[in-house]
Amino acid sequence: MRFDVVSIFPEYLAPLDLSLIGKARTDGLLELNVHDLRTYTKDRHRTVDDTPYGGGAGMVMKPEPWAQALTEIAETSPASVPERKPTLIVPSPAGEVFTQKLAYELSEEVHLVFACGRYEGIDERVLEWAGEQFTVRAVSLGDYVLNGGEVAVLAMVEAIGRLVPGVVGNPESLIEESHSDGLLEYPVYTKPSSWREREVPEVLLSGNHGKIAKFRREHQLRRTATRRPDLIDALDVSSFSKTERNI
Ligand SMILES: Nc1ncccc1[N+](=O)[O-]
């Protein structure tokens with residue numbers, strides 16, 4: 001999987017040199033190229049923004065530097081073959097919501113390109129023009145406003161990259177995670193079994209795998225019903241036991 005990120009703050013992406021993603025890059029499982037948008041400007045001041053047509057506060061990112069950067073990336077893309085185009089993700093509060101399901105879908109791609117907007121955003125014509133060379137998707141982390149796309153890219157590259165086979169040492173750990181089965185994950189405990197007069201639930205020390213699985217499932221349901229009732233509505237309860245339906 002190849003990632004390309006274009007930003008006016010390339011140093012914002014430095015954390016992707018660390019930990020799991022950093023190791024996967026060293027191991028050749030993931031490739032990550034970060035590009036400074038200002039490299040693609042032609043004027044002495046390396047201008048990337050200008051005032052918005054129609055007025056209003058703030059500045060808009062000029063189209064031409066983006067066209068130069070994205071064209072160069074598309075020309076070297078492993079996905080730029082007739083039946084496939086690389087996917088261009090534009091992090092934006094006006095985008096579709098990023099979910100674990102979308103992370104899995106995107107982890108199947110061979111080449112993901114991220115355009116980090118700043119200011120009031122990127123001239124809309126860039127996203128229209130890019131549709132010739134890319135599958136363009138505006139994607140949001142959630143309903144709040146960041147100052148730019150870089151933080152969202154850190155989150156998405158981690159969420160997507162860790163799903164690429166071989167990146168996470170034990171693929172088992174990807175199975176029982178929050179949102180993997182539509183539910184939040186169960187509470188976890190480790191040694192000591194008694195800590196500040198608080199005990200680990202007895203069933204987890206029993207070695208009875210059936211009872212442990214039942215305990216964990218019930219706590220997933222309870223936690224989801226309490227913290228994210230919206231996820232419960234989306235579940236197919238036909239697979240639930242009678243007890244589970246009453247939690
Ligand atoms: N929420 C956001 N705000 C600004 C830029 C990007 C964003 N996002 O979620 O991808």
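At 38% relative accessibility, Glu105 counts as partly exposed, and this residue is a useful place to start in what is a predicted model. The side chain of Glu105 meets that of Arg137 in a salt bridge, with N and O 2.6 Å apart. The protein as a whole is divided into domain 1, covering residues 2-161, and domain 2, covering residues 178-246, and the C-alpha centres of these two domains lie 37 Å apart. The points below take up the charged pairs, the ligand and its surroundings, the surface patch, and some details of the backbone.

**Salt bridges**

- Side chains of opposite charge can pair when their charged atoms come close. A search of the whole structure finds 12 salt bridges, and the pair of Arg137 and Glu105 is one that can be followed in some detail.
- Arg137 lies in strand E7 and Glu105 in helix H3, which spans residues 100-107, so this salt bridge ties together parts that are 32 residues apart in sequence.
- The two partners can also be described by their accessibility: Arg137 counts as buried because its relative accessibility is 18%, which is under the cut-off of 20%, whereas Glu105, at 38%, counts as partly exposed.
- Glu105 and Arg137 also belong to a network of salt bridges, in which they are linked with Glu96.
- Arg162 and Glu177 form a salt bridge through their side chains, with a distance of 2.4 Å from N to O. Both Arg162 and Glu177 lie in the loop between H5 and E8, so the pair ties together parts that are 15 residues apart in sequence.
- Glu177 is buried, and its relative accessible area is 14%.
- Arg25 is joined to Asp17 by a salt bridge in which the closest N and O atoms are 2.5 Å apart. Arg25 is partly exposed at 26% relative accessibility, and Asp17 is likewise partly exposed, at 48%.

**The ligand and its surroundings**

- The residues surrounding the ligand include Pro91, Ser92, Pro93, Val139, Ser140, Leu141, Tyr144 and Leu146.
- Several contacts involve the backbone of the protein: a backbone N or O atom of Ser92 lies 3.3 Å from an oxygen atom of the ligand, and a polar backbone atom of Val139 is 3.4 Å from an oxygen atom of the ligand.
- Leu146 makes a contact of this kind with a nitrogen atom of the ligand, which lies 2.8 Å from a backbone N or O atom of the residue. The ligand taken alone exposes 270 Å², and the protein buries 96% of that area.
- Two or more residues of the shell around the ligand come from each of the elements strand E5 (87-97) and E7. Strand E5 gives the most to this shell, with three residues.

**A nonpolar patch on the surface**

- Phe9, Tyr12, Tyr144, Leu146 and Val151 form a nonpolar patch on the surface, and together they have about 410 Å² of accessible area.
- Tyr144 and Leu146 appear in this patch and are also among the residues that surround the ligand.
- Tyr144 is placed in the loop between strand E7 (135-140) and helix H5 (150-161). This residue is partly exposed, with a relative accessible area of 43%.

**Details of the backbone**

- Ser19 has a positive phi of about 50°, although it is not a glycine. Ser19 is found in helix H1, which covers residues 19-26, and at 66% relative accessibility Ser19 counts as exposed.
- Tyr119 also has a positive phi, near 55°, and it too is a residue other than glycine. Tyr119 lies in the loop between strand E6 (111-115) and helix H4 (124-130), where it is partly exposed, with a relative accessible area of 35%.
- A cis peptide bond, with omega at about 5°, joins Lys191 and Pro192, and Pro192 lies in the loop between H5 and E8.
- Asp181 lies in the loop between H5 and strand E8, whose residues are 194-195, and at 36% relative accessibility Asp181 counts as partly exposed. Asp181 and Leu235 are 54 residues apart in sequence, while in space their C-alpha atoms are 9.2 Å apart.

Conventions
Residues are numbered from 1 along each chain as its sequence is written. This is a predicted model: local features need pLDDT of at least 70, side-chain atom pairs count only at pLDDT 80 or more; totals for chains, interfaces and linings use all residues. Side-chain values use heavy atoms; hydrogens and water are left out. Patches are made of residues with over 30% relative accessible area and no salt bridge: like charges are joined within 9 Å, nonpolar side chains (Val, Leu, Ile, Met, Phe, Trp, Tyr) within 5 Å. Accessible areas come from the Shrake-Rupley method with a 1.4 Å probe; for residues, only the protein chains shown count as cover. A salt bridge is a side-chain nitrogen of Lys or Arg within 4 Å of a carboxyl oxygen of Asp or Glu. Helices (H or I, at least four residues) and strands (E, at least two) are DSSP runs, numbered from the N terminus. Buried means under 20% relative accessible area, exposed over 50%, partly exposed in between (1.4 Å probe, protein chains only). Domain bounds come from an automatic or database domain assignment. A residue is near a molecule or strand if one of its heavy atoms lies within 4 Å of it. A polar contact is a pair of N or O atoms within 3.5 Å; within protein, one must be able to donate a hydrogen and the other to accept it, and residues adjacent in sequence count only if both atoms are side-chain atoms.
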